[in-house]
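Trainee: I would like to learn how to read the features of a protein model, step by step. Could you show me the structure, so that we can go through it together?

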Amino acid sequence: MKQQTLVRPAYLKAGDTVAIVAPAGILKNRNADIQRAQELMKSWGLHTVLGEHLFSVSNHFAGTDEERCADFQRAMDDPTISAIWAGRGGYGTVRILDKLDYTKFRKKPKWVIGYSDITALHNQLHTKGFESMHAMMAAGVTEDLGDIKETVASFKAAIFGKPLGYTLEGSKYNKVGTASGELVGGNLTLLHTMLGSNTSIDLSGKILFIEETGEYAYHIDRMLQSLKRAGYFDNCKGVIVGDFSKVRVNTTPWGSSVEQLVLDVLSDYDFPIAFKMPAGHEDDNRAMIFGRNIELKVTKNESTVVFDN
């Protein structure tokens, strides 16, 4: 099946401007983190502008839905901005999806960067025909960049258009095989949340990446089972499994590893499955370009993920 080529925003260059906005959770007491993010961008020759409501608080959210949407819309519409970097995730992006207008964005596409709750935007961008970037958040810039060296290096490589590829540790759970196709996906809860909507991705001919944090094993299973029953995986070419962090312990033990849980749900399919992708809610969170074609090779000893240039 021939894949439609997605629109690729221009890679960044020295002098370009990055907007830092908060489409979801509050950034209370995160001023120092954002300042470090700005300093990092400056060291790369980039300018930054902050969303008007970046540090606003409206109950659970960084401002009301209208305020968060307005900040994001301004960044989408401003032709002087080359990338939109999420301050953090949390929850709330789904509440502004249907309020966004892509008219001006289509004339000057730009990179949308983030992970976790930003999966909602990655899904919407993909269904509208644009590549996007699954990478670290602005609030994730630590005081000692040595702690997140690989994360930062991969992010820089991605936004400046350098070759992108990873060799993953082997895993006894790996399902051996090779595949090529557009990489899509993100946080499992958000992929599940999109199900049945116009922002749910058609996986036909594509390779899915998934990650999760802070969920019970039975909830992970329930979400995967729901996606499976909806036909989500029927024409998928492969799956890459990132970090499943801080899995919560239920009073009734699940009885197997998360890796085995994933394999059990996907046992009806013959596509390759690669575990140990360093991406998700851990310090080592490598950048990936969603909507970009990749070559995936999976063995028990290692897996490789290579992005087209």
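Trainee: What percentage of the 309 residues in the protein is buried?

Mentor: Keep in mind that this is a predicted model; in it, buried residues, meaning those under 20% relative accessible area, make up 56% of the 309 residues. The accessible surface of the protein comes to about 13500 Å², and 47% of that surface belongs to carbon and sulfur atoms.

Trainee: How many helices and strands does the secondary structure of the protein have?

Mentor: There are eight helices and 13 strands. The protein is as compact as a globular protein of its length, because its radius of gyration, 18 Å, is close to the 19 Å that the globule rule gives for 309 residues. Measured out along the principal axes would be the wrong phrase for a computed model, but the C-alpha trace spans about 50 × 45 × 40 Å along them.

Trainee: How do strands of a sheet pair, and what is the order of the seven strands in the open sheet?

Mentor: In general, strands of a sheet pair through backbone hydrogen bonds, and they do so either parallel or antiparallel. Here the open sheet of seven strands has mixed pairing and follows the order β6-β13-β12-β7-β8-β9-β10. Its edge strands, each of which pairs on one side only, are β6 (165–169) and β10 (273–274).

Trainee: Which way do β8 and β9 run, and how many bridges join them?

Mentor: Strand β8 (residues 206–213) and strand β9 (residues 238–245) run parallel, and six bridges join them. Within this part of the sheet, Glu212 stands opposite Phe244 in β9.

Technical notes:
Residues numbered from 1 in each chain as written. Predicted model: local features only at pLDDT ≥ 70, side-chain atom pairs only at ≥ 80, totals over all residues. Heavy atoms only, no water. Pairing = 2+ DSSP bridges. Helix = DSSP H or I, 4+ residues; strand = E, 2+ residues; numbered from the N terminus. Rg over C-alpha atoms; globule rule 2.2 N^0.38 Å. Buried < 20%, exposed > 50% of the residue type's maximum accessible area, 1.4 Å probe, protein only. Areas by Shrake-Rupley, 256 points an atom, 1.4 Å probe, with all protein chains shown as cover.
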